[in-house]
Amino acid sequence: MSGTHTGDGGHAVVVGAGIAGLAAAHRLLEHGARVTVLEASERVGGKLLPGEIAGARVDLGAESLLARRPEAVGLARAVGLADRLQPPATASAALWTRGALRPMPKGHVMGVPGTAAALAGVLSDEGLARIERDAELPPTEIGDDVAIGEYVAERFGREVVDRLVEPLLGGVYAGDAYRISMRSAVPQLFEAARAHPTLTEAVRAVQAKTAAGRQTGPVFTGVAGGVGTLPLAVADSLRSRGVRILTGTPVTGLSREPGEGWRLVAGGEVLHADAVVVAVPAPAAAGLLRAEAPGAAAELSAVEYASMVLITLAYRRDEARLPEGSGFLVPPVEGRGIKASTFASRKWGWIAEENPDLTVVRTSVGRHGETELLHRDDDELVELSRHDLKAATGLAAAPVAARVTRWDDGLPQYPVGHHARVARVRAHLAGLSGLAVCGAAYDGVGVPACIASAYAAADQVQGDLRAVQQLTAHPVQSLHGGAGE
């Protein structure tokens, strides 16, 4: 993968102003490039969206950042948000399973337990006994990749997958655990499973490695005012340093210049660039790359996406009595409409402080392939959420306000072989100097993963391939930040 150095004042164009595109622009500035960002929609931020309900500031997209990775927290600090970083006021979530809200088990790796006892109360006696049989089973050949649901079901039984792995992975990918790549979604466990004869030993090895790392402090953090304010702050910082950010400016053409450099057609304007970072979802990236990199475009066209809907509800506080904790997850096997709920006012202290008379709750609906629910109108989805909230928590009050936010094709799916597809995309682009891709479709769907991908792409177009090679080999695990992600 060769690169074109732009640190001598060359022009770099970033296509897409989601958090990945903005982070790439931030990194390119550090390399000394002159930067232009082009965004097809009328706003920056992508899946990070600040909003309000009944006068309360809330997130209408992702609401938390993994704090155990440096990228998102570091970028927030770099753009002046250090004093607004706040961990959850409570991180004790629950599972709505087998007819009751039950405390989220401890001692597991993305739902895969190190001992059967860790899932007592969540699984049936038969399910707990099935876990113990792992030690008696011959090693499972997992090869180059395997679906995490299939592998865990083979070792521990389906109940572990259906009751715990599914809701946790569903919160991250809105996907199906029986299709999701273990290598891409839970890379630490994948590596451990290749090195140990039983799944129990693999989980304990991951847990021991984590403990030896002695990471302290909260696993997740939020931002007072909402995580959706992060891309706005990054954009403000970029503009103050001379970056052009053009919204409502779709890129309709990307081609090589004779010799070196790139030509882009955007909003009726022609731009010339020494380097281009493509930071848009896979279908849009495929369209842009088709002329110059048809192999990469074909791979990206095959990436599937899941849609989801967030329903945000505001209640009078004195009418909304909720259980303790930050919210709950719902295993698909339960057959409920919602897949999770966050008690946002309980989880984020800044919401409660700013709005002492309100209680804000949000629910999420939608998994990969689940289209019927998503086609219902807003009022129906609000009623579905209220019905399930009442059944789970007893909350019967009418909300004073409701907002429905639809994220169509919002989450890329990571099926078995995803890592190989990403490697093939990058191999197809290897001969095109000064061009790189980044975003949620590649190395992880969480905010830190998107930023890491962006930094690697920005480095790549400068000729430094170390970060992109590292990410291709070792994607960033995207954890579940509690209920209702």
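**View 1. Strands 14 and 15 in the three-stranded antiparallel sheet of the predicted model.** In this predicted model, strand 14, covering residues 262–266, pairs with strand 15 in the antiparallel sense, and five bridges join the two. One of the residues involved is Ala 266, whose bridge partner in strand 15 is Glu 269. The open sheet to which these strands belong has three strands in the order 13-14-15, with antiparallel pairing. Its edges are strand 13 (251–256) and strand 15 (269–273), each of which pairs on one side only, and the twist from one strand to the next averages 20°. Strands of a sheet pair through backbone hydrogen bonds, either parallel or antiparallel.

**View 2. The seven-stranded mixed sheet and two helices in contact with its strands.** Seven strands form this open sheet, in the order 8-7-18-19-20-17-21, and the pairing is mixed. Strand 8 (100–103) and strand 21 (401–412) are the edge strands, each pairing on one side only, while the twist averages 25° from one strand to the next. Within the sheet, strand 18 (residues 327–329) and strand 19 (residues 340–342) are joined in the antiparallel sense over three bridges, and the partner of Phe 328 in strand 19 is Ser 341. Helix 5, made up of residues 158–173, lies across strand 7 (94–97), strand 17 (305–316), strand 18 and strand 21, and runs at about 115° to strand 7. Helix 14 (residues 378–393) also packs on the sheet, where it touches strand 7, strand 8, strand 17, strand 18, strand 19, strand 20 (358–365) and strand 21, its direction making about 70° with that of strand 17.

**View 3. Strand 11 with its two antiparallel partners, strand 5 and strand 6.** Strand 11, residues 220–223, contains Thr 221. Strand 5 (residues 65–66) pairs with strand 11 in the antiparallel sense over two bridges, with Leu 65 standing opposite Thr 221. Strand 6 (residues 85–86) likewise pairs with strand 11 in the antiparallel sense over two bridges, and here the bridge partner of Gln 86 is Gly 222. In a regular strand the side chains alternate between the two faces of the sheet. In strand 11 both faces are covered, since Phe 220 and Gly 222 on one side are buried, as are Thr 221 and Val 223 on the other.

**View 4. The surroundings of Thr 221.** Thr 221 counts as buried because its relative accessibility is 6%, where the cut-off for burial is under 20%. A polar atom of the Thr 221 side chain lies 3.1 Å from the backbone oxygen of Gln 86. Apart from neighbours within four places in sequence, the residues in contact with Thr 221 are Ser 64, Leu 65, Ala 67, Val 73, Leu 85, Gln 86, Pro 87, Pro 88 and Trp 348.

**View 5. Helix 8 and the loop residue Thr 198.** Helix 8 (residues 199–213) has 15 residues and reaches 21 Å from its first C-alpha to its last, close to the 21 Å expected at 1.5 Å a residue. Its buried residues are Leu 199, Thr 200, Ala 202, Val 203 and Val 206, and the elements covering them include strand 9 (108–109), strand 10 (112–113), helix 4 (148–156) and helix 7 (187–195). Thr 198 is found in the loop between helix 7 and helix 8, and it counts as buried because its relative accessibility is 8%. The side chain of Thr 198 makes a polar contact of 2.9 Å with the side chain of Glu 201; not counting residues up to four places away in sequence, Thr 198 touches Asp 134, Ala 135 and Arg 155.

**View 6. The largest nonpolar core, with Val 14 among the residues that have the most contacts inside it.** This core has 46 residues, and those with the most contacts inside it are Val 14, Leu 28 and Val 35. Two or more residues each come from strand 1 (11–15), helix 1 (19–30), strand 2 (34–38), helix 2 (70–78), helix 9 (229–240), strand 16 (275–278) and helix 16 (447–460), and helix 1 gives the most, with eight residues. Leaving out residues up to four places away in sequence, Val 14 touches Gly 21, Ala 24, Ala 25, Leu 28, Val 35, Thr 36, Val 37, Leu 38, Val 277 and Ala 279. A second, separate core of 45 residues includes Val 146, Tyr 151, Leu 168 and Leu 329.

Note on methods:
Residues are numbered from 1 along each chain as its sequence is written. This is a predicted model: local features need pLDDT of at least 70, side-chain atom pairs count only at pLDDT 80 or more; totals for chains, interfaces and linings use all residues. Side-chain values use heavy atoms; hydrogens and water are left out. Two strands pair if DSSP finds at least two bridges between them. Helices (H or I, at least four residues) and strands (E, at least two) are DSSP runs, numbered from the N terminus. Axes are lines fitted to C-alpha atoms, for helices over the stretch in contact, and angles run from 0 to 180 degrees between N-to-C directions. The expected span of a helix is 1.5 Å times one less than its number of residues. Buried means under 20% relative accessible area, exposed over 50%, partly exposed in between (1.4 Å probe, protein chains only). Contact means heavy atoms within 4.5 Å. A nonpolar core is a set of buried Ala, Val, Leu, Ile, Met, Phe, Trp, Tyr and Cys residues joined through side-chain atoms within 4.5 Å. A polar contact is a pair of N or O atoms within 3.5 Å; within protein, one must be able to donate a hydrogen and the other to accept it, and residues adjacent in sequence count only if both atoms are side-chain atoms.
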